[in-house]
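This briefing covers the strands, disulfides and selected residues of one protein chain. Please look over the sequence and the model before reading on.

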Amino acid sequence: MATVSAATATMVVASAYPVLAVQTNDVGTLDNKTVSVAGGHMTFIDDGDVFEICDTWANGTGVYGALFYNSYIGTDGFQRVMTTEDGGDAGCDKKGYNIGNSGEYIMVICSGKYPTSIIAVAGCDASASFNE
């Protein structure tokens, strides 16, 4: 009976772990990721390491995105390494940026202003951390 209980407990913990990992970050998870605010969204397209940003409201405000990187080697914390924006024209804009696996990345999108940190303030939203 003890062996069955231990095996059952191990199975429950093992099956619960991936759900917890996905909720906290996507480091090492290869797939597309999207973060949205009212008026637009920003998507990381894993195939080709392309970032697409789309302004979905024609109100003149525009949406502004940034990519922040935190190296596993350095101790500087998350630094902004790329910016992109969309607004005032038809369609979405795309920008390439090579995502590696030597640190963590976080996408942030804001309505009407460029993101200055990974903290999602009013009008902004941030993704979970990720890499390849």
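Strands β8 and β9 pair in the antiparallel sense, with three bridges between them. The model is a predicted one. The protein chain holds one helix and 10 strands, and two disulfides are present in the structure.

**Overall make-up**

- Along the sequence, the elements of the protein chain follow the pattern α-β-β-β-β-β-β-β-β-β-β.
- The protein chain has 132 residues, of which 33% count as buried.
- Its accessible surface is about 7,500 Å², and carbon and sulfur atoms account for 57% of that area.
- Among contacts in the protein chain with a separation of 6 or more, 59% are between residues 24 or more positions apart.

**Strand β8 and its partners**

- Strand β8 covers residues 103-111, and eight of its nine residues are buried.
- On the β9 side, V108 has A126 as its bridge partner.
- Strand β8 also pairs with β5, again in the antiparallel sense, and nine bridges join these two strands.
- Within the pairing of β5 and β8, G65 has I109 in β8 as its bridge partner.
- In general, strands of a sheet pair through backbone hydrogen bonds, in a parallel or an antiparallel arrangement.

**The four-stranded open sheet**

- Four strands make up an open sheet, in the order β2-β3-β4-β7, with antiparallel pairing.
- The edges are taken by β2 (33-37) and β7 (93-96); each has a single partner strand, so one side of each is left without a neighbour in the sheet.
- On average, neighbouring strands of this sheet are turned by 15° against each other, direction ignored.
- Inside the sheet, β3 (residues 40-45) and β4 (residues 50-55) run antiparallel and are joined by six bridges.
- M42 has I53 in β4 as its bridge partner.

**Disulfide C54 to C92**

- The sulfur atoms of C54 and C92 lie 2.0 Å apart in this disulfide.
- Which parts of the chain does the pair tie together? C54 is in strand β4, whereas C92 is in the loop between β6 (79-86) and β7, so the link ties together parts that are 38 residues apart in sequence.
- The torsion about the S-S bond of C54 and C92 is about 115°, and the disulfide is therefore right-handed.
- The two cysteines are not covered alike: C54 has a relative accessible area of 3% and is buried, while C92, at 37%, is partly exposed.
- The cut-offs behind these labels are under 20% for buried and over 50% for exposed, with partly exposed in between; C92 at 37% is therefore placed in the middle class.

**Disulfide C110 to C124**

- C110 and C124 form a disulfide with an S to S distance of 2.0 Å.
- This pair links distant parts of the chain, with C110 in strand β8 and C124 in strand β9 (residues 124-126), 14 residues apart.
- The link of C110 and C124 is right-handed, with 110° about the S-S bond.
- Are C110 and C124 buried or exposed? Both C110 and C124 are buried.
- The link therefore joins two strands that also pair through three bridges.
- Counting bonded cysteines along the chain, the disulfides follow the pattern 1-2, 3-4.

**Residues N70 and S129, with E104**

- N70 lies in strand β5 (residues 63-71), and its relative accessibility of 16% counts as buried.
- With neighbours within four places in sequence set aside, which residues does N70 contact? N70 is in contact with G77, F78, G103 and E104.
- S129 has its place in strand β10 (residues 129-130).
- With a relative accessible area of 8%, S129 is buried.
- The side chains of S129 and E104 are joined by a polar contact of 2.9 Å.
- E104 thus appears in the contacts of N70 and in the polar contact with S129.

Key
Residues numbered from 1 in each chain as written. Predicted model: local features only at pLDDT ≥ 70, side-chain atom pairs only at ≥ 80, totals over all residues. Heavy atoms only, no water. Pairing = 2+ DSSP bridges. Axes fitted to C-alpha atoms, helices over the stretch in contact; angles between N-to-C directions. Disulfide = S-S within 2.5 Å. Buried < 20%, exposed > 50% of the residue type's maximum accessible area, 1.4 Å probe, protein only. Polar contact = N/O pair within 3.5 Å; in protein donor to acceptor, adjacent residues only side chain to side chain. Contact = heavy atoms within 4.5 Å. Areas by Shrake-Rupley, 256 points an atom, 1.4 Å probe, with all protein chains shown as cover.
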